[in-house]
Amino acid sequence: MDILAIYHNWCTQPFFMGGNGWFGGYGFHFPPILMLLVIGLITYLVIRSVRRPTPDTGTTSPLDVLNRRYAMGEIDKATYEQMKSDIQSKGTFD
């Protein structure tokens with residue numbers, strides 16, 4: 001049985017199309033694709049409410065910023081080495 005046949009059989013049952021299901025046979029019919037969108041929206045909202053964002057600690061050192069800039073290609077190796085030695089010579093950071 002292919003996936004389209006499974007989808008067709010699942011979405012055309014009376015439970016999803018009014019009948020004696022969710023809407024008590026009042027003729028309130030959802031097209032199958034709209035029903036999948038409603039299920040997707042509910043899933044999205046549940047996942048979004050459960051997932052918590054990680055807090056930003058805000059403790060980025062100058063050496064971390066320099067390493068990130070070098071890794072992203074914003075500065076070349078000579079500039080990186082010069083700035084790294086300047087930061088380390090101050091002795092207050094990593």
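A residue counts as buried when its relative accessible area is under 20%. Tyr-80 has a relative accessible area of 10%, so Tyr-80 is buried. That residue is a good place to enter this structure, which is a predicted model.

Start with the overall plan. The chain has four helices and zero strands. Read along the sequence, the pattern is α-α-α-α. The chain holds 94 residues, and 12% of them count as buried. Now take the contacts between residues at least 6 apart in sequence. Of these, 26% join residues at least 24 apart.

Next, look at helix 3 and helix 4. Helix 3 covers 62–71, and helix 4 covers 77–90. Their axes lie 10 Å apart, and the helices pack at an angle of about 175°. Angles over 145 degrees count as roughly antiparallel. Helix 3 and helix 4 are therefore roughly antiparallel to each other.

Which residues meet where these two helices pack? From helix 3 come Pro-62, Leu-63, Leu-66, Asn-67, Arg-69 and Tyr-70. From helix 4 come Lys-77, Tyr-80, Met-83, Lys-84, Ile-87 and Gln-88.

Tyr-80 also belongs to the largest nonpolar core. This core has five residues, and the other members are Leu-63, Leu-66, Ile-75 and Ile-87. Helix 3 and helix 4 each supply at least two residues of the core. Follow Leu-66 for a closer view. Leaving aside residues up to four places away in sequence, Leu-66 touches Ile-75, Tyr-80, Met-83, Lys-84 and Ile-87.

Met-83 is on that list of partners. Met-83 sits in helix 4. Is Met-83 buried, exposed or partly exposed? Its relative accessibility is 30%, so Met-83 counts as partly exposed. With residues up to four places away again set aside, Met-83 touches Leu-66, Arg-69 and Ile-75. Pro-62 offers another reference point. Met-83 and Pro-62 are 21 residues apart along the chain, and their C-alpha atoms are separated by 9.9 Å.

Return to Tyr-80 and consider its ring. A pair of aromatic rings is described by the distance of the centres and the angle of the planes. A search of the whole structure finds one aromatic pair. The partners are Tyr-70 and Tyr-80, with ring centres 4.4 Å apart. Why is this pair called stacked? The planes of the two rings are at 20°, and planes under 30 degrees apart count as stacked. The pair links distant parts of the chain. Tyr-70 lies in helix 3 and Tyr-80 in helix 4, 10 residues apart. The two partners differ in exposure: Tyr-70 is partly exposed at 34% relative accessible area, whereas Tyr-80 is buried at 10%.

Charged groups come last. Side chains of opposite charge can pair when their charged atoms come close. How many salt bridges does a search of the whole structure find? The search finds one. Arg-69 forms this salt bridge with Glu-74, and the closest N and O atoms are 3.1 Å apart. Arg-69 has 28% relative accessibility, so Arg-69 counts as partly exposed. Glu-74 is partly exposed too, with a relative accessible area of 47%. Arg-69 is also one of the helix 3 residues that meet helix 4, and Arg-69 is among the contacts of Met-83.

Definitions and conventions. Residues numbered from 1 in each chain as written. Predicted model: local features only at pLDDT ≥ 70, side-chain atom pairs only at ≥ 80, totals over all residues. Heavy atoms only, no water. Core = buried A, V, L, I, M, F, W, Y, C linked by side-chain atoms within 4.5 Å. Buried < 20%, exposed > 50% of the residue type's maximum accessible area, 1.4 Å probe, protein only. Contact = heavy atoms within 4.5 Å. Phe/Tyr/Trp six-rings, centres within 6.5 Å; stacked < 30°, edge-to-face > 60°. Salt bridge = Lys/Arg side-chain N within 4 Å of Asp/Glu carboxyl O. Axes fitted to C-alpha atoms, helices over the stretch in contact; angles between N-to-C directions. Parallel < 35°, antiparallel > 145°, perpendicular 65-115°, else oblique.
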